Amino acid sequence: MKIDFRVIALLLLVPLLDAMLLAVLATRLSLVAIVALVVLTALVGMVLVRAEGRRTLARLQRKLATGEMPTNEVVDGALLLIAGAMFLTPGLVTDFVALLLALPPTRYPARIVVKKYVVTPYLDAKTGGFATGNVYMGGFPNDGDGSAGPGAGTGPSGGAGPGAGSQSTDGDTIDMDGDEYRNVDDDR
């Protein structure tokens, strides 16, 4: 498994920014005011996450009842779970990021990013491309002649397809165009 050091740097940067912001606020506000502010943002955030979680769960149940796939609702639930964990972490920067994940207008772009960079690559890796349609249409992948690939040998843009009139190299099989094809009744 490859470790992405940018993710580790981001995870270390957020608590550092939280500590720096709390240090700056400590010079301007009293200790009681800072603690009250951190606790208040956490409580308000948890109430918001709870309300949004119920709303998301209701949408998920509606989609399942109609037989639709609740992809957006599942991703929203995961983002709300992350937001709830961030609200419980003391600090104003984490509370701000959690607020962005908890509010529906700002959660939408986060959902799009998660689906593009997390869900889709995961599904491609687990299903061999069948979930997203990135499958090989003809030949074998990496067979050496360079013609196989997504859509290879399937039509006008991907190579020879039905009606291309190409001859087989083994001499036994002939692919004929529509004008070369005749019915048995045509000989009479």
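Helix H3 takes in residues 71-88, and its 18 residues reach 26 Å from first C-alpha to last, close to the 26 Å expected at 1.5 Å a residue. Keep in mind that this is a predicted model. Below is a quick tour of H3, then of a buried arginine in helix H5, and finally of a nonpolar patch on the surface.

**Helix H3 and its neighbours**
- H3 has a set of buried residues: Glu73, Val75, Asp76, Leu79, Leu80, Ala83, Gly84, Met86 and Phe87.
- Those buried residues pack against three helices, namely H2 (31-66), H4 (92-102) and H5 (104-127).
- As a general reminder, an α-helix has 3.6 residues a turn, so residues three or four places apart point the same way.

**Arginine 107**
- Arginine 107 is found in helix H5.
- It counts as buried because its relative accessibility is 1%, and the cut-off for buried is under 20%.
- The side chain of arginine 107 makes a polar contact of 3.2 Å with the side chain of glutamate 52.
- Leaving out residues up to four places away in sequence, arginine 107 touches Glu52, Arg55, Thr56, Asp76, Leu79, Leu80, Leu100, Leu101 and Ala102.
- Among the residues touched by arginine 107 are Asp76, Leu79 and Leu80, which are also listed as buried residues of H3.

**The nonpolar patch**
- Leu10, Leu13, Leu16, Leu17 and Met20 make a nonpolar surface patch of about 460 Å².
- Leucine 10, one of the patch residues, lies in helix H1 (residues 5-28).
- Leucine 10 counts as exposed because its relative accessible area is 52%, and exposed means over 50%.

Technical notes
Residues numbered from 1 in each chain as written. Predicted model: local features only at pLDDT ≥ 70, side-chain atom pairs only at ≥ 80, totals over all residues. Heavy atoms only, no water. Helix = DSSP H or I, 4+ residues; strand = E, 2+ residues; numbered from the N terminus. Expected span 1.5 Å × (residues − 1). Buried < 20%, exposed > 50% of the residue type's maximum accessible area, 1.4 Å probe, protein only. Contact = heavy atoms within 4.5 Å. Patch = residues over 30% accessible without salt bridge, like charges linked within 9 Å, V, L, I, M, F, W, Y side chains within 5 Å. Areas by Shrake-Rupley, 256 points an atom, 1.4 Å probe, with all protein chains shown as cover. Salt bridge = Lys/Arg side-chain N within 4 Å of Asp/Glu carboxyl O. Polar contact = N/O pair within 3.5 Å; in protein donor to acceptor, adjacent residues only side chain to side chain.
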